[in-house]
Amino acid sequence: MSAFTDRADAALADPILKIAVERTAGTAEAKRTIAIDAFPDFEAARTRAAAIKDHVIAHLGPYLEQFEANAVAAGAKVHWASTADEACKIVIDICQAAGAKSVARSKSMLGEEIGLPHALAEAGIGRVETDLAEHIIQLADERPSHIIWPAMHKTREQVSALFKAKHRSPHVEETIAAMAQSARRELRTQMLSADVGISGANFLIADSGAVCTVTNEGNAELSLVPPRVHIVTAGIEKIVPSMPHAIHMLRMLARSATGAALTQYTTFYTGPKRAGDRDGPEEMHIVLVDNGRTKMRDEGLAEMLRCIRCGACMNHCVVFRQIGGHAYGGTYPGPMGAVLTPVLDGLAPNRDLIHACTLNGKCQEVCPVRIPLPTLLKGWREKSWREGLEPTSMRAGLGLWAWVATRPRLYRLGTTIAVRVLRLLGTKGWIAKLPLAGGWTRHRDMPKPAAQTFMAQYKKARRP
Ligand code: SF4
């Protein structure tokens, strides 16, 4: 049993998790459908979004240089990080130079990817997560389980108990409004007294040097404007050429993520506070992080760099809906996580993860930037095969199947016999006990096969 299998088994045995995931993902799926139906020619918009991303990824160098020049002209400092460790070191150095004792962080998956929460703790710098779901995760000392709803694995009842145990002045009434007020009382003073604000970026606008963030709570604005220093950590693939491109991507992002026409707060930050501004940070630092992205572009995974982190693929994934996000083991869960995790954490320890997909194509169908996720996953499977990572039993089984399948007569004979045997065993309920069948039947029953093979039925159907 691999670590992934263990985690998936534990998730499947947790009935509360299933309820929590279904409540959020099910609602998101329904809302997205309504939003897309109301959007004029969403398919053409998807094609345009994919083309915008492909264009910038093919010309990443010039666009990043243009962004840097414009951001610097607006007064920001731009830093470049090749690895996660380099990115964390840059952020910690800036915090220490600012004498920061505490930072307010606005939700950023890149921050999770590079291990920033851990790096801040190691440097002795206090951290307050200002996004409500991230606040829940921080109190529970857990990792996010979804890129849009990091606490989606928790039910409202569990969150209520957590707030009562951890908040200084928790809610009394068991209502969502009272719980939100409890979080607000806990967070607000910490947000306003932080020395540094740290955010991610949804988009970087090359022709203006602006950084765009979107939230539904306004926590980014409240935690990034009051502190003296604002640090942005952003993956280099977040670049878009200009504002109209950013607006197009925003329209795709909000609808795909939550089914809303636009997020509640969409803010563009261009440099630090200028003379005459009433508020804003005195320093703005932008850390542009590669962490494997250039390698992805050059080694056949360029399409994955189109990802705008909307979460639609996981909301529509039959596997994610069963096991939730933590079972995936990496920073990013769901179909996009299954493609990204081997890049970030290596293929060998994630061999089972790349097989945890039915290839039904639903993720590709809903992806606003048309990422061919099933094809990319198949690419990982082929690589795993070429590098000899598949177990001997799998190699022998597939080798035997290939040998038989390329001999039509033998194949027909073999499948006819197999169908008869399986039907016989099936009537006695033995299919679940067959050797090698356990992985499939552990959580479900294997149905008895039809009396005739598909080929036999097809032949019969074609007879005049
Ligand atoms: S792969 Fe597509 S659907 Fe999934 S998060 Fe990225 S953009 Fe959204």
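I started with the record: UniProt, in an unreviewed entry, lists residues 64–289 as "domain: LUD". Worth remembering that I'm looking at a predicted model.

I checked that stretch in the model. Over residues 64–289 the chain comes out 43% helix and 21% strand. I also looked at where the ends sit, and the end C-alpha atoms are 11 Å apart.

Next, the domain assignment. It gives domain 1 as 56–294 and domain 2 as 392–462. I took the centres over C-alpha atoms, and 52 Å separate domain 1 from domain 2.

Then I picked out one helix, α5, which runs over residues 84–97. It has 14 residues and reaches 20 Å from first C-alpha to last, close to the 20 Å expected at 1.5 Å a residue.

Which residues of α5 are buried? I found A87, C88, V91 and C95. They sit on the same side of α5, because they cover an arc of only 95° around the axis. That fits the usual rule: an α-helix has 3.6 residues a turn, so residues three or four places apart point the same way. On the other side of α5, Q96 and A97 are exposed. After α5 comes G99, and I noted its phi as positive, near 65°.

Last, the ligand. I counted 13 residues around it. Which of them come nearest? My list reads C307, C310, C313, M336 and C367. Sorting the shell by class, I got ten nonpolar residues, two polar and one charged. For anyone puzzled by that tally, Cys and Met count as nonpolar here.

How values were computed: Residues are numbered from 1 along each chain as its sequence is written. This is a predicted model: local features need pLDDT of at least 70, side-chain atom pairs count only at pLDDT 80 or more; totals for chains, interfaces and linings use all residues. A residue is near a molecule or strand if its C-beta atom, placed from the backbone, lies within 6 Å of it. Domain bounds come from an automatic or database domain assignment. Helices (H or I, at least four residues) and strands (E, at least two) are DSSP runs, numbered from the N terminus. The expected span of a helix is 1.5 Å times one less than its number of residues. A residue is buried if 20 or more other C-beta atoms lie within 10 Å of its own, exposed if 12 or fewer, and partly exposed in between; C-beta atoms are placed from the backbone. The arc is that of the directions from the helix axis to the C-beta atoms. UniProt positions are given in the numbering used here, feature names are shortened, and annotations may be inferred rather than shown by experiment.
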